[in-house]
Structures are given as C-alpha cells and as structure tokens.
Amino acid sequence: MSLPGRSLDGIPDELTAQGGNPRNIPVKRGYGGEPSILLGMFLDQNWDVREYFENWMDLFNPIDENGFLTYEGSYTSLTANCDVQILFLDLEDNIKWGMKLIEPYPVTIIQEAYSAEMMNQLAMLNISIGFKEYTTQQL
C-alpha cells in the first residue's frame with residue numbers, strides 16, 4: 001500500500017504584506033499531483049478480486065458488445081455514496097489509525113506479468129484508487 005502525500009497550497013497575502021515579503025495563506029489541500037493511493041492485494045483462485053475492480057471501472061465508462069459508450073449518468077452519482085476505508089491494525093488486530101477516501105474511483109489496474117515460472121507463487125493485483133479528499137482518524 002502506498003498512501004498519498006499531502007500539502008497546503010497557499011497564495012501570497014499582498015494586502016497586509018509589509019514590505020516585499022508577503023505571508024503565504026493556505027487556501028486548499030494539495031496531494032502532490034493526482035490524489036491517489038496504490039493498493040496491492042492477492043488474487044483469489046477465481047480472480048474475483050480482479051473482476052470486482054473491472055466492474056467498478058465499467059460503472060464509469062461502460063461499453064456495449066459493439067464497443068460503444070453506454071453510460072448516460074453523472075460522475076457524482078457514481079461516487080457520492082461510495083467510501084473506501086483503510087484501517088491499520090496493531091499486532092493484536094486492534095485498529096490504530098484509519099483513512100477514509102471521499103468520492104473514490106478506480107484509476108488504474110496496473111499491468112502485471114504472469115508466467116508458468118510463477119505457478120507456485122501467489123498472484124498479485126495492484127490498483128490505483130483516486131479520490132476527491134480524505135479524512136483520517138487515530139484510534
């Protein structure tokens with residue numbers, strides 16, 4: 001798992017500046033590029049995990065059997081009631097810290113190489129999840 005960075009984007013306060021050194025006033029959150037997290041998870045025998053994310057992505061950009069876009073709704077109708085919660089546990093499975101993604105959506109199912117040499121290894125799925133904002137909670 002890779003958690004997003006965070007910054008505060010500011011603008012100079014030219015109105016109250018004394019001299020040539022204006023103070024920067026933080027005005028919005030920044031996430032260092034596209035706000036996203038990277039998740040890595042094991043694939044199950046039937047690849048249901050991969051299918052889950054494929055279906056989630058298809059909600060945003062569904063195509064019919066002829067390859068034509070079929071969705072006529074809005075982005076916010078797909079994300080408004082959707083949350084992703086990430087919980088971090090201690091060694092006794094107690095929740096210590098959490099992050100909730102607001103308006104999450106799948107960005108990328110990351111390309112992986114599979115071969116016969118990996119037959120006795122667990123297959124992994126890596127996916128990037130984008131979001132509008134996030135909140136945290138220390139427990």
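Hi everyone, this is a short walk through one protein model, from its overall layout down to a few single residues.

Please keep in mind as we go that this is a predicted model.

Let's begin with the layout. The protein has 2 helices and 8 strands. Reading from the N terminus, the order is β-β-β-α-α-β-β-β-β-β. The radius of gyration is 20 Å, well over the 14 Å that the globule rule gives for 139 residues, so the protein is more spread out than a compact globule. You can put that beside the extent of the C-alpha trace, which spans about 70 × 50 × 30 Å along its principal axes.

How much of the protein is buried? Buried residues account for 22% of the 139 residues. On the outside, the protein exposes about 10200 Å², and carbon and sulfur atoms supply 50% of that area. As for charge, there are 8 positive and 20 negative side chains, with the centres of the two sets 15 Å apart.

A word on how the chain meets itself. If we take contacts between residues at least 6 apart in sequence, 57% of them join residues at least 24 apart.

Now to the inside. The largest nonpolar core holds 18 residues, and those with the most contacts inside it are Ile37, Phe53, Leu101 and Ile129. Which elements build this core by giving at least two residues each? They are strand S3 (36-42), helix H1 (48-60), strand S4 (83-89), strand S5 (95-102) and strand S7 (124-130). The largest share comes from S7, with 3 residues.

Let's stop at Ile37 for a moment. Setting aside neighbours within four places in sequence, Ile37 is in contact with Ser2, Leu3 and Pro4, and also with Ile86 and Leu101. The list for Ile37 goes on with Ile127, Ser128, Ile129 and Phe131.

Ser128 came up there, and it makes a nice next stop. Ser128 lies in strand S7. Is Ser128 buried or exposed? Its relative accessible area is 12%, and buried means under 20%, so Ser128 is buried. Leaving aside neighbours within four places, Ser128 is in contact with Ser36, Ile37 and Leu38, and with Tyr105, Pro106, Val107 and Thr108.

For contrast, here is the loop between S4 and S5, where we find Glu92 and Asp93. Glu92 has a relative accessible area of 64%, and exposed means over 50%, so Glu92 is exposed. Asp93 also counts as exposed, at 59% relative accessibility. The backbone at Asp93 deserves a look too: phi is near 65 degrees, a positive value in a residue other than glycine. And if you want a distance to try on screen, the C-alpha atoms of Glu92 and Gln137 are separated by 19 Å, with those positions 45 residues apart along the chain.

One last residue: Glu103. Where does Glu103 lie? Glu103 is in the loop between S5 and strand S6 (105-109). Phi of Glu103 is near 55 degrees, again a positive value in a residue other than glycine. Glu103 is a loop residue, yet Glu103 is buried, with a relative accessible area of 18%.

To sum up, we have a predicted model with 2 helices and 8 strands, and a largest nonpolar core of 18 residues. Thanks for listening, and do turn the structure around while we talk.

Terms used. Residues numbered from 1 in each chain as written. Predicted model: local features only at pLDDT ≥ 70, side-chain atom pairs only at ≥ 80, totals over all residues. Heavy atoms only, no water. Helix = DSSP H or I, 4+ residues; strand = E, 2+ residues; numbered from the N terminus. Rg over C-alpha atoms; globule rule 2.2 N^0.38 Å. Buried < 20%, exposed > 50% of the residue type's maximum accessible area, 1.4 Å probe, protein only. Contact = heavy atoms within 4.5 Å. Areas by Shrake-Rupley, 256 points an atom, 1.4 Å probe, with all protein chains shown as cover. Lys, Arg positive; Asp, Glu negative; His and termini not counted. Charge placed at Lys NZ, Arg CZ, Asp CG, Glu CD. Core = buried A, V, L, I, M, F, W, Y, C linked by side-chain atoms within 4.5 Å.
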